[in-house]
Amino acid sequence: MIEVQNIHKSFGDNHVLRGIDANFEPGKISLIIGGSGSGKSTLLKCMVGLHAPEQGKVLYNGEDFTRMDFETRIPIRKEIGMLFQNSALFDSMTVEQNIIFPLEMFSDMSRNEKIDRANYCLERVNLAGRNKLYPAELSGGMKKRVGIARAISMSPKYLFVDEPNSGLDPETAILIDELISELTDEYQCTTVVVTHDMNSVMGIGDYILFLYKGQKWWEGSNKEIAHTDVEELNNFVFASPFMKAAKERF
Amino acid sequence: MFFTYFGQYLLLLKAVFRRPEKWNIYWKEIIHEMNEIGVGSLGLIAIISTFVGAVMTMQIAFQLVSDLIPTSVIGQINRDSSILELSPTITALVLAGKVGSSISSQIGSMRVTEQIDALEIMGINAPGYLILPKILAGITMIPVLVIMSIFLALVGGLAGGSLSGAVTPADYINGITDGFIGYTVAVALVKAFVFGFIITSVSAFKGFYVRGGALEVGQASTRGVVISCISILVADYIVTALML
């Protein structure tokens, strides 16, 4: 369980987050949605400790992550897996080395156990046998899947995903969504996804947090979103003619 | 502004020297960086040092026109100049360009592609993992390169002096062996150690805090080289003033 309490974050005069409160539950996929500049990526970075909020708390199972120093954060960070928007794979390492890297740093597994784990993770993302390729040799969708394989290598309790579908074709985007859904079930992890992809919203969003101008504007499930009368949310979700037509059918 | 950056640099160094998560992983990185910085720069430093030594010998001979001064003095001057100043400083300035720009752009690229964020999310001390091996490789390999540079500058001087007829090989060898003070090599090694630290840490600092994209990585790399070069010259003056 992750609790976000009254988070404020500014960059200079730009007050990006203005008192966000939210709860993210284990075994569920929580989506943070909002327009460009609404603060969704900043909120995610505050949650994982890449940005320090000026005010507020992020609690992991009741422990205040924002007040911890580098050393005390390590046990929680070992339980975090994250997929970045551009995958953030280490260029100088092969696919296998990328996946093994967190295990080498933090586990006492033997070499063979680590390779077995890497193979399992690669099978899990349908990339078996691609161990020796370098990130430069992979397509965008494959990089995302390797990023997911690296994120799950330590069997995370918390999975954070930043724009998983950006730059992907619709078919691959759906595959990535399905994978995130399957992994959330498998590890019963608290999954938080930042997205503006409406297929993800309607498909995998157990809990949706809509940010508007740095504030929590709406929260609910993907079933409730179709019937909301919040104008800003409707303008965002049903912006395209296709989505408008889909809403009318509901 | 200067103090803000200097404070940020000191805080980064504090993070760099935090206890490593696993020494064997760091050890592999140190060996890799020693190979990159040391072996990767051998050819360039060898060529530069040999030619600088040869040219120095001819220029000293050109300036020593008095019949009262024995030609073996050419060897002596070349030896002391190479050991005390030319080899450490020119090697460091060249490496600030070659190694420093490589370090800034490598770390800067990792920053803008979120690879450093990925390390931090995993709970890895990113400054330690990325910068400590480079600093340790720099402070060990740059003194080795300087020693090699001194040797090749003296060999270059012998070749240059003999080929131009400025000094006979016998006089030159007599000059470089006569009145040799071992302490000058210690001064050169201290300079090399300090320069190695400056080149690696300053370049890494500029790369680590880069924001933006490819353009900013290039700018950070250039700034890293400029600041390293100026810092090397200032440190050269300070070490010389303290040790001689």
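**Exercise 1. In what order do the elements of chain B run from the N terminus on?**

Keep in mind that you're working with a predicted model.

Step 1: Walk along chain B from its N terminus, and the elements read α-α-α-α-α-α-α-α-α.
Step 2: Check that against the tally: chain B has nine helices and zero strands.

**Exercise 2. Describe the overall build of chain B: its box, its burial and its contacts.**

Step 1: Start with the box. Along the principal axes, the C-alpha atoms of chain B fill roughly 70 × 35 × 30 Å.
Step 2: Now burial. Chain B has 244 residues, and 48% of them count as buried.
Step 3: Look at who touches whom. Take the contacts in chain B with a separation of 6 or more: 86% of them come from residues 24 or more positions apart.

**Exercise 3. Work out what the surface and charges of chain B look like.**

Step 1: The accessible surface of chain B is about 11100 Å². Carbon and sulfur atoms own 72% of that area.
Step 2: For charges, chain B carries 13 positive and 14 negative ones. Average the positions of each set, and the two means sit 12 Å apart.

**Exercise 4. Place A:Ala88 in chain A, then decide: is A:Ala88 buried or exposed?**

Step 1: Find the residue. A:Ala88 sits in the loop that links strand S6 (80-83) to helix H3 (95-106) of chain A.
Step 2: Apply the cut-off. Buried means under 20% relative accessible area. A:Ala88 has 2%, so A:Ala88 is buried.
Step 3: List the neighbours, skipping residues up to four places away in sequence. In chain A, A:Ala88 touches A:Arg150. Across in chain B, A:Ala88 touches B:Thr113, B:Glu114, B:Gln115 and B:Ala118.
Step 4: Add one distance. A:Lys144 is 56 residues from A:Ala88 along the chain, with 9.1 Å between their C-alpha atoms.

**Exercise 5. Do the same for A:Thr184: which element holds A:Thr184, and which residues does A:Thr184 contact?**

Step 1: A:Thr184 belongs to helix H6 of chain A, which covers residues 170-187.
Step 2: Its relative accessibility is 1%, so A:Thr184 counts as buried.
Step 3: Set aside neighbours within four places in sequence, and A:Thr184 contacts A:Gly27, A:Lys28, A:Ile29, A:Cys189 and A:Thr191.

**Exercise 6. Which residues of chain A does UniProt list for "domain: ABC transporter", and what is that span made of?**

Step 1: An unreviewed UniProt entry gives residues 2-238 of chain A for this domain.
Step 2: That span, residues 2-238 of chain A, is 39% helix and 26% strand.
Step 3: Its end C-alpha atoms lie 29 Å apart.

Definitions and conventions: Residues numbered from 1 in each chain as written. Chains lettered and ligands numbered in written order. Predicted model: local features only at pLDDT ≥ 70, side-chain atom pairs only at ≥ 80, totals over all residues. Heavy atoms only, no water. Helix = DSSP H or I, 4+ residues; strand = E, 2+ residues; numbered from the N terminus. Buried < 20%, exposed > 50% of the residue type's maximum accessible area, 1.4 Å probe, protein only. Contact = heavy atoms within 4.5 Å. UniProt positions renumbered as here; feature names shortened; annotations may be inferred. Areas by Shrake-Rupley, 256 points an atom, 1.4 Å probe, with all protein chains shown as cover. Lys, Arg positive; Asp, Glu negative; His and termini not counted. Charge placed at Lys NZ, Arg CZ, Asp CG, Glu CD.
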